[in-house]
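Here are some notes to read beside the model, written as numbered points. Please keep the sequence and the 3D view open as you go through them.

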Amino acid sequence: NTNAVSNIYKIKGRDFSKPLAICVEKLADFSKCVQVGKFSSLLSDLLPGGITVVLPRCTPDLNPHLNPTCSTLGVRIPDYQFVLDLCRSVGKPIALTSANKSNTGNSVKVEDFQDFQI
């Protein structure tokens, strides 16, 4: 969703030249977004989990406003049931980023979000 991608950049104050990663529900979804090739068995060992794998982008079906100048794409399969359920219900990759505003420290407590303007 183009509007959602734009909103991520706006809310975070993120430079549009900085690419976003995506998350998917399962390994089968990985190959719909990036060229897995010889890395398929390695991905099975690493995922799900806290690793974002960057591989060559392979599909024109992804939103053209998602990292339009990048030939690669970071993809993650989270090890968190809520996000996996969200991926399943949406049925498409979900753009993701850290919770903190761009160029600031990590957000680790509720108070860190009090100044966010949506």
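How many salt bridges does the structure hold?

1. In this predicted model, the structure holds five salt bridges. A network of salt bridges links Glu25, Lys26, Asp29, Lys32, Asp85 and Arg88, and the next two points look at some of its members.

2. Lys26 takes part in a salt bridge with Glu25, where the N to O distance is 3.6 Å, and Lys26 also forms a salt bridge with Asp29, whose closest N and O atoms are 3.5 Å apart. Asp29 has a relative accessible area of 13%, and because this is under 20%, Asp29 counts as buried. Lys26, by contrast, has a relative accessibility of 41%, so Lys26 counts as partly exposed.

3. Arg88 and Asp85 form a salt bridge with their closest N and O atoms 3.0 Å apart. Both residues belong to helix 4 (residues 81–90), where they are three residues apart, about one turn of the helix. Arg88 is partly exposed at 45% relative accessible area, and Asp85 is partly exposed at 32%.

4. Turning to the interior, the largest nonpolar core has 20 residues, and those with the most contacts inside it are Phe30, Cys33, Val34, Leu73 and Val75. The elements that give two or more residues to this core are helix 1 (2–12), strand 2 (53–56) and strand 3 (72–76), and helix 1 supplies the largest share, three residues.

5. Val34 deserves a separate look in the 3D view. When neighbours within four places in sequence are left aside, Val34 is in contact with Leu55, Pro56, Arg57, Cys58, Leu73 and Val75.

Key:
Residues are numbered from 1 along each chain as its sequence is written. This is a predicted model: local features need pLDDT of at least 70, side-chain atom pairs count only at pLDDT 80 or more; totals for chains, interfaces and linings use all residues. Side-chain values use heavy atoms; hydrogens and water are left out. A nonpolar core is a set of buried Ala, Val, Leu, Ile, Met, Phe, Trp, Tyr and Cys residues joined through side-chain atoms within 4.5 Å. Buried means under 20% relative accessible area, exposed over 50%, partly exposed in between (1.4 Å probe, protein chains only). Helices (H or I, at least four residues) and strands (E, at least two) are DSSP runs, numbered from the N terminus. Contact means heavy atoms within 4.5 Å. A salt bridge is a side-chain nitrogen of Lys or Arg within 4 Å of a carboxyl oxygen of Asp or Glu.
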